[in-house]
Amino acid sequence: MAIAFEGALLVVAYLGGVLLGVPFMDRWDWSWEAVGWGVLACIPLWGVFYESVHNESKSLREIRRFMDQNIRPLFERWSTWQLALLSVMAGLGEELLFRGFIQRGLENWGSLTAGLVISSVLFGLAHAMTKAYLLLGILAGFFFGGIYVMTGNLLIPMITHAVYDFVALLYYLRKTTSLEELTEGDEWE
């Protein structure tokens, strides 16, 4: 169902683009250089993710608690290839919708700033599991949107998003323990 949902975002973005005349496919340039930049752009995101998983601040613990209660039960039994497929679909679907359709569309009809701000806020709202995650989602939206603005290539934020999601899911599901299972002091080594 999660993979189908992400795939549906592709369809919505594509149809919206066709119906409203947003030509986002002209900014999709495949190259190994784009792949490399997409992967390299994950590094700061992974740093923020690692810190959020291992930080004991109240707001970040709320994110972790939400993930333990909602994300872990959904995906802990998924195989690596299933998590990879979900991540690829999220990278493609969400970036096509938020950057390719919304950001580019607003950029075409108004301004670059309006497109970046509105698409980033909507991206954050779509990921608003907690108040802190809403803020992190908005910041991630600006990050992905900034990559798109700087490179002019929609493929790069798609790759960044997909690779980040995959590594973050694998790390969270395979290398961390739920807060409930941790004994006092073990988590924050």
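In this predicted model, helices H4 and H7 meet through a small set of side chains: Ser59, Leu60 and Ile63 on the H4 side touch Ala132, Tyr133 and Leu136 on the H7 side. Sorted by class, the residues of this contact come out as five nonpolar, one polar and no charged. The two axes run 8 Å apart, and the packing angle is about 90°. Since angles of 65 to 115 degrees count as roughly perpendicular, H4 and H7 are therefore roughly perpendicular to each other.

The pairing of H2 with H3 looks like this. Helix H2 covers residues 32–40, and its axis comes within 5 Å of that of H3, with a crossing angle of roughly 20°. That falls under the 35 degree limit, so H2 and H3 are roughly parallel to each other. On the H2 side the contact is made by Gly38, Val39 and Leu40, which meet Cys42, Ile43, Pro44 and Trp46 of H3. Here the split is six nonpolar residues, one polar and no charged.

H7 also holds Ile138. Leaving aside residues up to four places away in sequence, Ile138 is in contact with Ser120, Val121 and Gly124. Ser120 sits 18 residues from Ile138 along the chain, yet their C-alpha atoms are separated by just 5.1 Å.

As for aromatic rings, the whole structure yields eight pairs. One of them joins Phe49 and Tyr164: the ring centres are 6.2 Å apart and the planes stand at 85°, so this pair is edge-to-face. Phe49 belongs to helix H3 and Tyr164 to helix H8, so the pair ties together parts of the chain that are 115 residues apart in sequence.

Then there is the empty space. The largest pocket has a volume of about 1,200 Å³. Its lining is made up of 42 residues, and Glu94, His127, Met129, Tyr133 and Asp165 are the closest to the pocket centre. Tyr133 thus turns up twice, in the lining and in the contact of H7 with H4. By class, the lining consists of 33 nonpolar, six polar and three charged residues.

Many helices contribute to this lining. At least two residues each come from H1 (2–20), H3 (42–54), H4 (58–75), H5 (80–109), H6 (112–126), H7 (131–151) and H8 (155–175). Both partners of the perpendicular pair, H4 and H7, are thus among the helices that line the pocket, and so are H3 and H8, the helices bridged by Phe49 and Tyr164.

Definitions and conventions
Residues are numbered from 1 along each chain as its sequence is written. This is a predicted model: local features need pLDDT of at least 70, side-chain atom pairs count only at pLDDT 80 or more; totals for chains, interfaces and linings use all residues. Side-chain values use heavy atoms; hydrogens and water are left out. On a 1 Å grid over the protein atoms alone, a cavity is a set of points where a 1.4 Å probe fits but cannot get out, and a pocket is an open set with protein on both sides within 12 Å along at least five of seven lines; lining residues have an atom within 4 Å of a point. Grid points are joined across faces, edges and corners, and a volume is the space filled by probe spheres set on the points. Helices (H or I, at least four residues) and strands (E, at least two) are DSSP runs, numbered from the N terminus. Ala, Val, Leu, Ile, Met, Phe, Trp, Tyr, Cys and Pro count as nonpolar, Asp, Glu, Lys and Arg as charged, and the others, Gly among them, as polar. Axes are lines fitted to C-alpha atoms, for helices over the stretch in contact, and angles run from 0 to 180 degrees between N-to-C directions. Angles under 35 degrees count as roughly parallel, over 145 as roughly antiparallel, 65 to 115 as roughly perpendicular and the rest as oblique. Contact means heavy atoms within 4.5 Å. Rings of Phe, Tyr and Trp (its six-membered ring) pair if their centres lie within 6.5 Å; planes under 30 degrees apart count as stacked, over 60 as edge-to-face and the rest as tilted.
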